[in-house]
Amino acid sequence: MIVLGIETSCDETSAAVVRNGREVLSNIIASQVELHAPFGGVVPEIAARRHIECIGFIVDEALAQTNISLKDIDAFAVANGPGLAGALLVGLNYAKGLAFVNKKPLVGVHHIEGHVCANFLHGEEIDSELEPPFLSLVVSGGHTLLLAVEDYDTYRVVGSTRDDAAGEAFDKIARVLGLPYPGGPEIDRVAKSGSPIISFPRARVDGFDFSFSGLKTAVLQYIQKQNGNINIPDIAASFQKAVVDVLTERAVSACKHESFNTIALAGGVACNSALRKAMDEACAEKNLRLFKPKPVYCTDNAAMIACRGYYRLLAGFSDGLELNAFPGRMC
Ligand code: KG4
Ligand code: ZN
């Protein structure tokens, strides 16, 4: 089954062609980072307008990079939430048009479930043999979640953030440090030349939930106390370590608690080099298998949406042309 996926939930316009859920034939991503950078964050109206300008070209390019024509696509999968309402509607309506004209099934995909499915996509060197059950740590700009993936269609929330998402905390601290948007990759880069010598708090929340607002305040207060004389790499490294320690400890404990033997990372923050290294070490020590998608599949992309759509179709789900977008933030 060949699925064409479409993703426009935030600031990336993406289309991908994926065979049998796992083999990525093309994955085209047009980033809007430069458009939003002057504002220090995504401007929803600008995002929606740029998606409208790009979507046709991006879908054409995704097909052109394969030797597959539109008539050979078996189904159209689209992320219909959560995300920015105006942005989601662009991809959703484009996918509806394609499904209607080509008389093929349409399937709506939950963006976060899509992130998890990035782990099913074949990587550069190896085929991903990941199969449920497993625990997924989803760390993106809008979400921090521990999900028990019981089978291809059952996602259960084991833990989530009480306040800021991990990526949001990275972006906010980067802004305070004067680093460009988006801040996550910048903190990752700058932290490499610093040491985690400043002791910032690790929030202890009940169960497997997270909280990053106290850490954010602690970093802000530390910076204010230094009277302009700050060591940016050391602050970045110390903040990053505080986030990574909590994510790693919670993910490993939740995995043991669920009696799973596998953890799969997902979402933009899963690109973070310190998180990938810490998870490697923690999983090796606890004898757990760890899956880390290629960085291009961690941030928003349509290949993961096509993969999730494939498994929904296999389970017998599809959607009608009345399918709506759901912008709300939770699962
Ligand atoms: O999954 P994603 O592309 O979009 C959402 O669905 O939110 O995640 C974007 C988030 C941003 O907050 C960005 O700063 C963060 O992922 N991010 C990183 C890194 N690369 C992207 N955070 C830390 N380290 C990175 N290397
Ligand atoms: Zn995302």
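Three helices, α4 (111-117), α5 (166-176) and α6 (183-191), each contribute at least two residues to the shell around ligand 1. The model is a predicted one, and the ligand site is a convenient place to start reading it.

The shell draws on two domains: domain 1 (2-117 + 298-314) and domain 2 (131-292) each provide at least three of its residues. In total, 19 residues surround ligand 1. Gly 141, Asp 171, Asp 188, Gly 268 and Asn 272 are the closest of them. Sorted by class, the shell consists of 11 polar, 5 nonpolar and 3 charged residues. As for where the ligand lies in the protein, ligand 1 occupies the largest pocket.

Individual contacts can be picked out next. In the side chain of His 111, an N or O atom is 3.2 Å from an oxygen atom of ligand 1. His 115 also places a polar side-chain atom 3.1 Å from an oxygen atom of the ligand. At Gly 167 the partner is a backbone N or O atom, and its distance to an oxygen atom of ligand 1 is 3.3 Å. Each of these pairs falls within the 3.5 Å cut-off for a polar contact. Taken alone, ligand 1 has 550 Å² of accessible area, and the protein covers 88% of that.

The backbone has some features to check as well. Which peptide bonds should be looked at for cis geometry? One of them joins Gly 81 and Pro 82, where omega is about -10°. Pro 82 belongs to the loop that runs between β4 (75-81) and α3 (85-102). Another cis bond leads from Tyr 181 to Pro 182, with omega near -5°. The loop holding Pro 182 connects α5 and α6, and both of those helices supply at least two residues to the ligand shell.

A further backbone feature is found at Asn 20, a residue other than glycine whose phi is positive, near 50°. Where does Asn 20 lie? Its place is the loop between β2 (12-19) and β3 (23-31).

Notes: Residues are numbered from 1 along each chain as its sequence is written. Chains are lettered from A and ligands numbered from 1 in the order in which they are written. This is a predicted model: local features need pLDDT of at least 70, side-chain atom pairs count only at pLDDT 80 or more; totals for chains, interfaces and linings use all residues. Side-chain values use heavy atoms; hydrogens and water are left out. A residue is near a molecule or strand if one of its heavy atoms lies within 4 Å of it. A polar contact is a pair of N or O atoms within 3.5 Å; within protein, one must be able to donate a hydrogen and the other to accept it, and residues adjacent in sequence count only if both atoms are side-chain atoms. Accessible areas come from the Shrake-Rupley method with a 1.4 Å probe; for residues, only the protein chains shown count as cover. On a 1 Å grid over the protein atoms alone, a cavity is a set of points where a 1.4 Å probe fits but cannot get out, and a pocket is an open set with protein on both sides within 12 Å along at least five of seven lines; lining residues have an atom within 4 Å of a point. A molecule sits in a cavity or pocket if more than half of its atoms lie within 2 Å of its grid points. Helices (H or I, at least four residues) and strands (E, at least two) are DSSP runs, numbered from the N terminus. Ala, Val, Leu, Ile, Met, Phe, Trp, Tyr, Cys and Pro count as nonpolar, Asp, Glu, Lys and Arg as charged, and the others, Gly among them, as polar. Domain bounds come from an automatic or database domain assignment.
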